[in-house]
Amino acid sequence: MLIKNFKSLILSKERKIALEIIETGLSALDYKKNVYLSKYDIIRVNQSETLRQSDGIYLIGFGKGSAKVADILRKKINFKEIYVIDVKGRYFRGTHPLPSKKNFLFTKKLIERFEGKLTKKDLVIVLVCGGGSAMLIYPKIGLKRYIQVNQELLKSGANIYEMNTIRKHLDLVKGGGLVKILYPAKIISLIFSDVPGNDLSFIASGPTVKDKTKIADALRIIKKYKLKSVRKEDLIETPKEEKYFKKVKNILALSNLTALKAMKEKAESFGLKAKILTDNLKGDVKDVAKFLLKEIRKSKENILLLGGETTVKVKGKGKGGRNQELVLWFLKHLTADKHGYDTDKRGYNISLNQFLHQRSSVGIISLNSDGWDNTEFAGAIGDKITLEKAKKLKLDIDKFLENNDSFHFFKKVKDGIYTGRLSINVADLVLVWKT
């Protein structure tokens, strides 16, 4: 089982089913089943014209899971050289979620090796994985301040599109910058998406994709979030010349939709009605939690499935992650909503005691597919059982939310989900259920 504390979490039939569905989704993210190159999979790749006509074949990979994919490909392709950075595996060990000197030195070495040194007959296979924005870095500004920019972005409440727009205009390898360095070689880029909506130009800040954003877009985001660590003069324009991208093939190899489809099939095997609501979930956790509660209550389905990435505006000094905070806000709305199962006939709020004794029930699971929700928990599960345990322990949900301390809430009620770090990052998986 990928969910290591599965047995301790299955305190009801509903929980068991929900957790089995999530387990199925995580298991579906298997590189061996999903790695392919365009119209030809890795078994036939050596027969392709592109590979046979190449003088040298190189492999570059970055992000969580790139080491695993590199291991698969090197068994099928005779690479001249391999450059891969991941948080684990046999290759270069980098850091995530923040950039570091390690990541910078890896990128510097890669640039020194390839810039201006490849020919038209060379082929570079590039593995672009979630977390690549932090691992492949060559900023225009100093490394120390670049790390500060990333720290500020992670706490600002900006979504992944906004954060990566800023990163593109601060870094020479992002926003198509890597393609310029590898020019004039042919490039096949396998992209493993951790970005809601799977816009290839934003996954790992789009190092092999022509960028459509401009400095003006970055400036608007800086103003919107009142960012203090980045200035107008720090920004650079991304490569726009078409010549760099003529021989680049970008392929979406894996996304959270892969997991969502497997989860839907598993839910239906239990005789439940399930619906994939979106693979592009985004927004502040407080608003998303309210939206999810409303959707499950009005839905004809028993199960709603979503993939994406929410945001948190960090104001407190507690410990947690966006998935745990989403579940905690869901519980907060669950006990305060005036229009759902927790109201009396007149429409007024009923007490928590009355709510806990109702037969109807709703619940939620939200977790990061890479097993790390800014803490050792991948995410959390929340339902009536969670509220019963919180009531018994006299835990005040409001206080934990005010301090952004969702981790310690779920640690106390023992409803955090633990998988350990997983070698995949396709953003978050969310399951909402009702009985």
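This report describes the fold of one protein chain, moving from the whole chain to a sheet, a strand and a helix.

The model is predicted: local features need pLDDT of at least 70, side-chain atom pairs count only at pLDDT 80 or more, and totals for chains, interfaces and linings use all residues. Residues are numbered from 1 along each chain as its sequence is written, and side-chain values use heavy atoms, with hydrogens and water left out.

**Whole chain**

The secondary structure comes to 18 helices and 14 strands; these are DSSP runs numbered from the N terminus, with at least four residues for a helix (H or I) and at least two for a strand (E). Of the 435 residues, 58% count as buried, meaning under 20% relative accessible area with a 1.4 Å probe and protein chains only. Among contacts (heavy atoms within 4.5 Å) with a separation of 6 or more, 77% come from residues 24 or more positions apart.

A nonpolar core is a set of buried Ala, Val, Leu, Ile, Met, Phe, Trp, Tyr and Cys residues joined through side-chain atoms within 4.5 Å. The largest one has 50 residues, and Ile125, Ile365 and Leu431 have the most contacts inside it. Helix H2 (residues 13-27) gives the largest share of this core, 6 residues. A second, separate core of 49 residues includes Phe62, Tyr83, Met135 and Ala185.

**The six-stranded sheet**

An open sheet of 6 strands runs in the order E9-E10-E14-E11-E12-E13, with mixed pairing. Two strands pair if DSSP finds at least two bridges between them. E9 and E13 (416-417) are the edge strands, each pairing on one side only. Three of the pairings are set out below.

| Strand pair | Sense | Bridges | A residue and its partner |
|---|---|---|---|
| E11 and E14 | antiparallel | 7 bridges | Ser366 and Val430 |
| E11 and E12 | antiparallel | 4 bridges | Ser366 and Ala380 |
| E12 and E13 | antiparallel | 2 bridges | Gly379 and Ile417 |

H2 packs on the sheet and touches E10, E11, E12, E13 and E14; its direction makes about 155° with that of E14. Helix H12 (residues 256-269) also packs on the sheet, touching E9, E10 and E14, and its direction makes about 165° with that of E9. Such angles run from 0 to 180 degrees between N-to-C directions, using lines fitted to C-alpha atoms, for helices over the stretch in contact.

**Strand E11**

In E11, 7 of the 7 residues are buried, so the strand is largely enclosed by the rest of the structure. Val362, Ile364, Ser366 and Asn368 point one way, whereas Gly363, Ile365 and Leu367 point the other way. In a regular strand the side chains alternate between the two faces of the sheet.

Gly363 lies in E11 and has a relative accessible area of 0%. Leaving aside neighbours within four places in sequence, Gly363 is in contact with Phe330, Gly382, Asp383, Leu431, Val432 and Trp433. The C-alpha atoms of Gly363 and Ile385 are 9.3 Å apart, with their positions 22 residues apart in sequence.

**Helix H13**

At 1.5 Å a residue, the 14 residues of H13 (residues 285-298) should span 20 Å, and the end C-alpha atoms are 20 Å apart, which agrees. The expected span is 1.5 Å times one less than the number of residues. Asp284 caps the N-terminal end of H13, with a side-chain oxygen 3.0 Å from the backbone nitrogen of Lys286.

Buried residues of H13 are Val285, Val288, Ala289, Leu292, Leu293, Glu295, Ile296 and Arg297. What covers them includes strands E9, E10, E11 and E14 and helix H14 (322-336).

Conventions:
A polar contact is a pair of N or O atoms within 3.5 Å; within protein, one must be able to donate a hydrogen and the other to accept it, and residues adjacent in sequence count only if both atoms are side-chain atoms.
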